[in-house]
Amino acid sequence: MTGRYLRRLQLRETWRITRGFALKQAATDADLARELFFDSALPADTLARYVAHFAADSTCGLDLADFLRTLPSKAADGATGRASWLPGAPPLLVAGAECDAIVDAEATEETARFCGVEPRVLRGLPHDVMLAKGWESAADEVVEWCRAL
């Protein structure tokens with residue numbers, strides 16, 4: 001996704017994600033954390049509490065070489081581009097948040113195609129859906145999906 005942002009010349013977004021993740025500044029910069037993960041309705045004291053959690057979590061690193069070696073897309077069927085394990089998979093739900101600053105709509109669509117399903121869009125919600133005002137609409141989407149099974 002970062003590469004896609006670069007190709008689109010979305011340098012601000014690319015720099016924000018790089019600062020937040022690679023430089024781990026989302027663990028110390030509340031404004032950046034809000035931009036990447038939350039919405040403007042999140043109270044400042046709650047934001048500060050979540051940023052403190054990010055600081056505790058940021059002590060772990062991410063092995064990008066291993067991550068790239070084991071991408072799920074490597075398990076795609078060559079003819080269809082879908083996951084080779086789909087025939088034995090349980091029902092799958094792929095949903096993306098409309099206002100997600102990290103995972104773009106194209107990534108949600110790619111994931112849905114890989115899983116052989118239609119993506120659901122969680123309107124008006126940021127990356128951390130469950131912590132946003134309006135999280136109930138995301139929960140309703142999941143309930144609706146479950147009822148349709």
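**Salt bridges and core of a predicted model**

Tutor: In this predicted model, Arg123 and Glu98 form a salt bridge, with their closest N and O atoms 3.5 Å apart.

Student: How many residues apart in sequence are the parts that Arg123 and Glu98 tie together?

Tutor: Arg123 sits in the loop between strand S2 (120–122) and helix H7 (135–147). Glu98 sits in the loop between strand S1 (95–97) and helix H6 (105–115). The pair therefore ties together parts whose separation in sequence is 25 residues.

Student: Is Arg123 buried or exposed?

Tutor: Exposed means over 50% relative accessible area. Arg123 has 57% relative accessibility, so it counts as exposed.

Student: Which residue forms a salt bridge with Glu141?

Tutor: The closest N and O atoms of this pair are 2.9 Å apart. Glu141 lies in helix H7 and its partner in strand S2, so the bridge ties together parts 21 residues apart in sequence. The partner is buried, at a relative accessible area of 19%. It is Arg120.

Student: What is the relative accessible area of Arg19, which forms a salt bridge with Asp29?

Tutor: The closest N and O atoms of Asp29 and Arg19 are 3.1 Å apart. Asp29 is partly exposed, at 24% relative accessibility. Buried means under 20%. Arg19 is buried, with a relative accessible area of 17%.

Student: Which helices each supply at least two residues of the largest nonpolar core?

Tutor: The core has 16 residues. Among those that touch the most other members are Ala33, Phe38 and Leu47. The helices are H3 (30–37) and H4 (44–57).

Methods
Residues are numbered from 1 along each chain as its sequence is written. This is a predicted model: local features need pLDDT of at least 70, side-chain atom pairs count only at pLDDT 80 or more; totals for chains, interfaces and linings use all residues. Side-chain values use heavy atoms; hydrogens and water are left out. A nonpolar core is a set of buried Ala, Val, Leu, Ile, Met, Phe, Trp, Tyr and Cys residues joined through side-chain atoms within 4.5 Å. Buried means under 20% relative accessible area, exposed over 50%, partly exposed in between (1.4 Å probe, protein chains only). Helices (H or I, at least four residues) and strands (E, at least two) are DSSP runs, numbered from the N terminus. A salt bridge is a side-chain nitrogen of Lys or Arg within 4 Å of a carboxyl oxygen of Asp or Glu.
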